[in-house]
Amino acid sequence: MEFKALLVALAIPAVSIAAIIPQGSQIVGGVAASQGDFPFIVSLQTSSGSHFCGGSLLNANTVLTAGHCTVGQTASSLRVRAGSLNRASGGTLVSVSSIKVHPSFSSSTLDSDVAIWKLATSIPASSTIGYATLPASGSDPVADSIATVAGWGTTTSGGSTLPAALRKVDVPIVSRAECRADYGTSAVTNTMFCAGLDAGGKDSCQGDSGGPIVDTSKVLIGTVSWGDGCAAPNAPGVYARVSTLLSFINANL
């Protein structure tokens, strides 16, 4: 199991299924995103400017990202870039005032893999910046429906180079039963859902962790969490199911 966050992936050795690899690299099999596709996406960065995860603006001072992108971090050493397709320039770059991981998050299973970052400076909506729409409580993405995931992660599994420009890819939702058949019943909890092609080839990857996956109505149904590598056959990407985590999210808006 691999996280899809760059810092975590680099910090831990690859071990067994419990070696969750955060999907922190680049989108695999996707295309360049256009202005307006994901007006709420943000690049999460270290104070030195290194991108390591994605996130979604929920309002002017709140970002939703992955728990595994947040554990072990210190708010004062983090930055968020919003309103730019380029992770390294443009838009608005702000500091982070506090970070809070879901109380049920588990680093070993990646259950409840979400966190809230509060920003030191508000980011108002503009022609290039918007806020994500949250899903209905308890809703579940429908198998075979199409979702779109975006990020600045690697474009190949194990890749070491991040694209400068935001990329996106369309992936079909995989039923929980099929995903559990792929990964094991206990590995895919009710706070997760899966998306990808049986044949592989399209997926989120290292560096995409914490970033958004949306349905055709642009509702934020999930955040990038983990997978067995990136874009491998019968190994779909696994996402935190936002609809099951709304009590935590709404309490911290």
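This passage describes two backbone positions with positive phi and the internal cavities of a predicted model. Local features were taken at pLDDT of at least 70 and side-chain atom pairs only at pLDDT 80 or more, whereas totals for chains, interfaces and linings use all residues. Residues are numbered from 1 along each chain as its sequence is written, and side-chain values use heavy atoms, with hydrogens and water left out.

Leu 110, a residue other than glycine, has a positive phi near 65° and is found in the loop between strand 8 (92-101) and strand 9 (115-119), strands being DSSP runs of E of at least two residues, numbered from the N terminus. With a relative accessible area of 1%, Leu 110 is buried (under 20% relative accessible area, against over 50% for exposed, with a 1.4 Å probe and protein chains only). Asp 144, likewise not a glycine, has a positive phi of about 75°; Asp 144 lies in the loop between strand 9 and strand 10 (146-151) and counts as exposed at 64% relative accessibility.

The structure holds two cavities of 30 Å³ or more, a cavity being a set of points on a 1 Å grid over the protein atoms alone where a 1.4 Å probe fits but cannot get out, with lining residues having an atom within 4 Å of a point. The largest encloses about 60 Å³, and its lining includes Phe 38, Ile 41 and Leu 166. The second largest cavity has a volume of about 30 Å³, and among the residues that line it are Lys 202, Asp 203 and Pro 236.

Terms used. Helices (H or I, at least four residues) and strands (E, at least two) are DSSP runs, numbered from the N terminus. On a 1 Å grid over the protein atoms alone, a cavity is a set of points where a 1.4 Å probe fits but cannot get out, and a pocket is an open set with protein on both sides within 12 Å along at least five of seven lines; lining residues have an atom within 4 Å of a point. Grid points are joined across faces, edges and corners, and a volume is the space filled by probe spheres set on the points.
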